[in-house]
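Biologist: Could you take a close look at the aromatic rings for me, and at what sits around them? I would love one connected account.

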Amino acid sequence: MSKDNQYAIETLSLTKIFPDWWGRAKVIAVEDLDMRIKPNEVYGLLGPNGSGKTTTLKMMLSLLHPTRGKALILGGSSSDTRISERVGYLPEESYLYKYLSARETLEFYGQIFGLPRSVRKARIESLLEMVGLSGMSNRPIGTFSKGMARRIGLAQALINDPDVLILDEPTSGMDPIGTRQMKDLIIRLAKRGKTILLCSHLLADVEDVCDRIGILYGGKMRVEGTVSSLLRNKDEHQIITDRISDGALEKIKDVLKQENLRCEITSPMDRLEDFFVRTVAEAQQQKATTSGVVNTGKIGQFLSEEDTQEDLLDKLVSAPVTPEIKKPKTMGNAETESVKAENIETESVKKELLEDLIKKPIESADTEIVANAKPVETVDQQQEKSRQDLLKDLMGGGDASTDRTEQSEDA
Amino acid sequence: MRSIWVVARNTISQAMRLKVALLVIMMLVILLPLMGLDVTGDGTLKGKLQTFAYNALMLMSIMLCLFTIVISTYSLTNELKNKQLFLVITKPICRFQIICGKLLGVIVLDIFMLAMFAGVIYCLMMFMPYFFKANEIDKLKANNEFFSARTIREVPVDMDMIKEAVNKRYELRQKAGDLPTDMTKQQIMQEFFNQELNKDKAVLPGGRKKWVFNNVKPVNRKDEYIFIRYKYGVEVTPPDEMIMGAWAIGDDRKADEYGLQQSETPVYPVIRKDAVNKVREIPVPAGAVAADGYLALEFVNPYENGTTVMPQEVQVLYRSGTFAANYCRAALIIFARLIFLAALGVSLSTWLSFPVAVLVCMVAFVTGMMNGFIMESFDTLGAGAGFIYSLTFKPLLWLLPRFDGQYNPTNNIVGAEVIPWLLVGKTYAFMVAVKSAILTLLGIWFFSNREIAKIIV
């Protein structure tokens with residue numbers, strides 16, 4: 001992405017009209033769509049069936065020609081191989097070769113990307129482990145369930161460690177653990193600076209991971225904005241606290257009554273997703289046999305690797321590259337204004353338990369969402385300049401690392 | 001090239017899992033040995049070999065052509081239908097690479113299949129003399145007239161002389177006012193032409209006719225045979241349908257007035273009776289050919305035949321190469337056919353559905369097998385449309401293949417006739433380098449510009 005490309009994905013008056021057999025305009029699938037997704041953003045494209053989501057993605061990926069307008073990825077057309085080698089795509093259904101095994105499938109796509117044999121081999125192993133199909137890597141995909149095929153679909157989308165990831169209904173057909181992993185992965189990739197565009201009907205999934213959402217209807221963008229700005233209810237407040245005595249509860253009710261305010265007091269419920277994950281993880285710990293997916297909870301090593309050069313540079317210039325603003329999540333999905341120290345402790349105990357169950361590092365993002373504030377925007381210009389200069393010295397000229405730094409600067 | 005090869009390998013994997021591939025392999029594996037065991041021919045070893053070679057090569061050629069048509073049209077259309085191509089196209093691969101990969105995959109598969117079955121047929125042919133326990137004479141005949149690659153020499157008709165004779169005759173008849181009134185000039189000229197042509201061939205009872213061949217170069221003039229091939233046409237068919245012929249074969253330049261040999265090489269006299277309108281071959285020691293490649297044939301029509309005889313297709317055949325090399329050239333020509341069909345199939349599958357693409361390929365294949373008759377008919381019919389026809393339909397007709405006549409190597413193998421490298425080169429130049437390349441480029445152009453996820457509502 002060049003410096004003057006402000007957006008990772010951009011559509012300019014994108015329009016698609018499907019004709020009938022005689023070439024007459026019959027259906028307006030997408031109309032004058034202007035959508036801009038910044039680098040390192042997780043964007044959710046929502047809409048009912050037939051709203052034009054998939055058509056938009058297909059135009060972005062050059063599978064369809066726009067009737068009018070343009071769709072740009074990383075500042076260019078995805079038909080350009082220099083662009084497409086930086087893009088990962090998971091279609092709404094896993095369009096894979098049924099006669100190839102999981103390993104052969106990844107090998108096939110890895111070869112198309114021109115990955116060296118050693119890199120390809122390492123990534124395939126890593127991805128197979130990540131999607132829980134290591135034990136079935138030599139089985140033809142035709143024998144896989146929809147969810148298993150979906151996992152291989154995800155693995156092929158990640159084999160090139162893409163800068164832009166386009167996911168169409170990513171959790172469709174996946175079990176809750178797969179869904180959770182997918183969401184974790186999205187968050188993790190976003191933390192690594194990837195740009196993710198996802199289409200989904202499952203609004204809860206989108207809400208959990210997206211920085212910004214847009215709702216399409218009739219091929220037109222109806223609403224667009226950050227999740228928090230669109231969903232925040234400023235007329236109500238929610239207080240979460242430890243178990244309190246009946247007396248204290250009565251006192252709170254009295255206070256609110258005096259203020260003429262409505263008051264609902266309930267005990268928060270565990271989410272079914274968390275409960276399911278725990279149950280399956282317990283079964284796995286007991287080594288119960290299964291011919292299905294075995295979740296390792298691991299993220300592909302090459303996807304979770306930090307850029308050591310950048311880390312070194314960051315230390316040298318003493319500037320945090322990606323300062324994270326933690327956004328604790330509540331059960332009711334409302335935004336919590338303040339959290340007590342005790343609450344954090346309780347939350348972290350829960351988190352630890354969950355981490356332990358799905359065997360992933362403590363910094364897993366299921367309870368952390370990177371806030372909309374873009375990390376790179378907070379980097380002091382002078383520090384950034386120092387990093388750039390030092391990087392140039394170390395690299396001896398422009399290369400991939402330099403590009404990445406430029407990318408961050410663009411953002 | 002890397003991406004092309006990746007797609008090609010995937011195409012091969014896909015094709016080998018198709019039932020049609022299994023069917024073709026099974027049919028050939030079962031049928032070829034059965035044909036080799038069951039073949040009868042005319043009872044001689046040579047006849048059996050010729051019958052087997054003809055049937056086996058035709059069967060293999062047709063089966064591989066059908067296999068190529070199915071695989072080349074299925075691969076791309078299936079991936080479009082099942083949308084696997086959606087994923088491939090979003091990867092860093094150009095669309096022309098996908099088409100080239102598909103084509104390469106089918107071609108590699110064809111190489112493998114052709115090599116396998118051509119090898120099986122070759123081995124069966126080589127084992128047949130042992131299997132049928134043929135006697136030495138039979139083996140020698142098979143060796144000379146089947147396991148060989150013979151060059152054919154023919155004396156061309158002097159067309160200028162014929163034309164001159166036709167014109168002279170027409171002028172004479174015109175001056176005499178003797179021209180038929182119910183015929184056009186063109187019809188009269190055509191009739192005169194046919195008559196002069198027959199006159200040129202005709203040998204009256206008691207008459208003789210001589211053919212002179214130059215540059216006849218058998219590999220070994222001492223121990224080998226050359227063959228005089230001919231067919232008798234007659235003015236009136238004798239009751240027993242047999243014609244007596246007396247031939248003198250050799251270097252007659254130093255023969256005396258009685259026709260007796262004076263030169264270093266002998267002149268071989270051959271007197272024999274042959275059936276009318278049947279192709280026959282006379283084996284003659286290759287020593288009959290002079291050192292400078294000169295060979296003369298003289299035919300005498302004895303009075304006892306009582307009719308004018310017209311020896312037709314008089315040819316001299318002599319060994320100029322090995323059977324194995326000739327067989328390889330035959331396989332190369334069949335391979336060119338397969339390349340053409342693969343290019344046609346892949347090209348058509350970029351814009352047609354599977355059944356339609358297969359149908360169009362089959363029409364092209366059948367047209368190619370039919371002796372150019374269909375193309376000539378179209379040409380004659382379309383000639384009336386003039387300019388428009390020559391700009392639109394004619395170029396498309398030109399793209400149609402020619403699998404018959406000289407482009408059918410089966411007849412060469414059966415007749416032990418050498419397939420010249422020139423013909424192989426010509427086949428590859430026209431059928432592969434030009435026609436197949438044009439079809440592939442058309443396919444690439446269409447595929448590069450089409451919407452892969454197109455929907456018509």
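Modeller: Happily! Let me begin with a charge and a ring: Arg169(B) lies over the face of Phe192(B), at 4.6 Å from the ring centre. A charge is taken to sit over a ring if NZ of Lys or CZ of Arg is within 6 Å of the ring centre and within 35 degrees of the ring normal. Arg150(B) offers another case, with its charged end over the ring of Phe227(B), 4.7 Å from the centre.

Before going on, a word on the basis: this is a predicted model, in which local features need pLDDT of at least 70 and side-chain atom pairs count only at pLDDT 80 or more, while totals for chains, interfaces and linings use all residues. Residues are numbered from 1 along each chain as its sequence is written, chains are lettered from A and ligands numbered from 1 in the order in which they are written, and side-chain values use heavy atoms, leaving out hydrogens and water.

Now to rings that meet rings. Over all chains, the search of the whole structure finds 21 aromatic pairs. In one of them, the ring centres of Tyr230(B) and Tyr232(B) are 5.0 Å apart with the planes at 45°, so this pair is tilted. Rings of Phe, Tyr and Trp (its six-membered ring) pair if their centres lie within 6.5 Å, and planes under 30 degrees apart count as stacked, over 60 as edge-to-face and the rest as tilted. Tyr230(B) is buried, at 1% relative accessibility, and Tyr232(B) is buried with a relative accessible area of 1%. Here buried means under 20% relative accessible area, exposed over 50%, and partly exposed in between (1.4 Å probe, protein chains only).

The rings of Trp351(B) and Phe446(B) also make a tilted pair, with centres 6.1 Å apart and planes at 55°. This pair links distant parts of the chain, 95 residues apart: Trp351(B) is in the loop between helix H9 (323-349) and helix H10 (354-369) of chain B, and Phe446(B) is in helix H15 (residues 421-449) of chain B. Helices (H or I, at least four residues) and strands (E, at least two) are DSSP runs, numbered from the N terminus. Trp351(B) is partly exposed, with a relative accessible area of 48%, and Phe446(B) is partly exposed as well, at 31%.

Finally, there is a grouping to look for on your screen: Tyr122(B), Phe146(B), Phe147(B), Phe323(B) and Tyr327(B) form one aromatic cluster.
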